[in-house]
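Here is a walk through one protein model, written for someone who would rather be at the bench. Have the structure open as you read.

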Amino acid sequence: MFQVYPEKTQDHSKIESLLDQSFGSARHQRTAYCLRGDGPALAELSFVIRGPGFLCASIRYWPVLIDGRHAALLLGPLAVGQAWRNRGFGKLLISHSLSRARTLGHDKVLVIGEKDYYQPFGFSNQLAANLTLPKATKPGCFQACALTPGSLDGVSGLVSPG
């Protein structure tokens with residue numbers, strides 16, 4: 001049976017391989033990478049799904065700031081190994097991690113990803129309409145989610161590493 005586990009230090013090289021497989025070697029040029037800054041992902045929101053002796057999927061979150069003063073989370077990367085896609089692993093990781101983020105008191109989450117994939121979790125382009133990214137991204141992919149209703153009301157500005 002596959003379960004969600006906290007990411008461990010020994011997972012890092014396997015996660016890097018999974019990310020290369022999912023996003024290619026040019027992934028460091030993407031907008032999301034410039035928002036992560038030089039710091040590590042938030043350990044309390046970094047999860048994996050493992051099988052016996054192998055890694056199937058991974059999710060991480062990074063702290064960001066909106067307008068230099070509103071704390072938020074950046075979801076991503078979310079990666080599922082080719083052999084494990086279309087089994088619900090990505091959705092399981094998103095549900096688990098958003099629940100954990102809410103429990104930890106986070107109230108705003110941003111993502112750069114496919115609208116149809118993230119919308120069922122409460123993400124929308126409308127909630128991100130007043131937010132600006134430091135680099136262009138594919139139209140329609142920048143979305144936000146208010147883990148606490150109203151937490152994005154009146155929030156606007158440039159998103160930067162937190």
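## The largest pocket

Start where the largest pocket is: 32 residues line it, and Phe 23, Leu 78, Ile 112, Gly 113 and Tyr 118 lie nearest its centre. Keep in mind that this is a predicted model. The space in that pocket comes to about 820 Å³.

Which elements build the wall? At least two lining residues each come from helix H1 (12-23), helix H2 (31-36), strand S4 (70-80), helix H3 (89-103), S5 and helix H4 (115-118). S4 supplies the largest share of this lining, seven residues. Sorted by class, the lining of the largest pocket holds 17 nonpolar, eight polar and seven charged residues.

## The second largest pocket

Now move over to the second largest pocket, with about 240 Å³ of space. It has 18 lining residues, and Glu 7, His 12, Ala 41, Arg 60 and Trp 62 are the closest to its centre. H1, H2 and strand S3 (54-66) are the elements that give two or more residues to this lining. H1 gives the most, with three residues. As for chemistry, the lining of the second largest pocket is made of eight nonpolar, four polar and six charged residues.

## Rings

Back to Tyr 118, one of the residues nearest the centre of the largest pocket. How many aromatic pairs does a search of the whole structure find? There are six aromatic pairs, and Tyr 118 takes part in the two tabulated here.

| Aromatic pair | Centre to centre | Angle between planes | Geometry |
|---|---|---|---|
| Tyr 117 and Tyr 118 | 5.3 Å | 75° | edge-to-face |
| Tyr 118 and Phe 123 | 5.8 Å | 80° | edge-to-face |

Are these rings buried or exposed? Tyr 118 counts as buried because its relative accessibility is 9%, under the 20% cut-off. Phe 123 is buried too, with a relative accessible area of 1%. Tyr 117, at 29% relative accessibility, counts as partly exposed. Elsewhere, ring pairs tie Phe 2, Phe 54, Trp 84 and Phe 89 together in a cluster.

## Strands and a buried serine

Strand S5 (residues 108-112), which helps line the largest pocket, also has a partner strand. It runs antiparallel to S7, and five bridges join the two. On S5's side, Val 111 stands opposite Gln 143 in S7. Is S7 (residues 142-146) mostly covered or open? It is mostly covered, with four of its five residues buried.

Helix H3, another contributor to the largest pocket, is the place of Ser 97. Ser 97 is buried, with a relative accessible area of 0%. Its side chain makes a polar contact with the side chain of Tyr 61, at 2.6 Å.

## Backbone oddities

Most residues other than glycine have a negative phi, and most peptide bonds are trans, so exceptions are worth a look. Where is the cis peptide bond? It joins Gly 76 and Pro 77, with omega at about 10°. Pro 77 is found in strand S4, the element with the largest share of the largest pocket's lining.

Two residues that are not glycine have a positive phi. Asp 67 has a phi of about 55° and lies in the loop between S3 and S4. Its relative accessible area is 38%, so it counts as partly exposed. Asn 86 has a phi of about 65° and is found in the loop between S4 and H3. At 83% relative accessibility, Asn 86 counts as exposed, because the cut-off for exposed is over 50%.

## Loops on either side of S7

Finally, look at a residue in each loop flanking S7. Ala 136 lies in the loop between strand S6 (131-132) and S7. With a relative accessible area of 75%, Ala 136 is exposed. Its C-alpha atom is separated by 34 Å from that of Arg 50, and the two residues are 86 residues apart along the chain.

Asp 153 lies in the loop between S7 and strand S8 (157-161). Asp 153 is exposed as well, with a relative accessible area of 62%. Asp 153 and Leu 127 are 26 residues apart in sequence, and 8.3 Å apart in space, C-alpha to C-alpha.

Definitions and conventions: Residues numbered from 1 in each chain as written. Predicted model: local features only at pLDDT ≥ 70, side-chain atom pairs only at ≥ 80, totals over all residues. Heavy atoms only, no water. Buried < 20%, exposed > 50% of the residue type's maximum accessible area, 1.4 Å probe, protein only. Pairing = 2+ DSSP bridges. 1 Å grid on protein atoms, 1.4 Å probe; cavity = no way out; pocket = protein on both sides within 12 Å on 5 of 7 lines; lining within 4 Å. Points joined across faces, edges and corners; volume = space filled by probe spheres on them. Nonpolar A, V, L, I, M, F, W, Y, C, P; charged D, E, K, R; others polar. Phe/Tyr/Trp six-rings, centres within 6.5 Å; stacked < 30°, edge-to-face > 60°. Polar contact = N/O pair within 3.5 Å; in protein donor to acceptor, adjacent residues only side chain to side chain.
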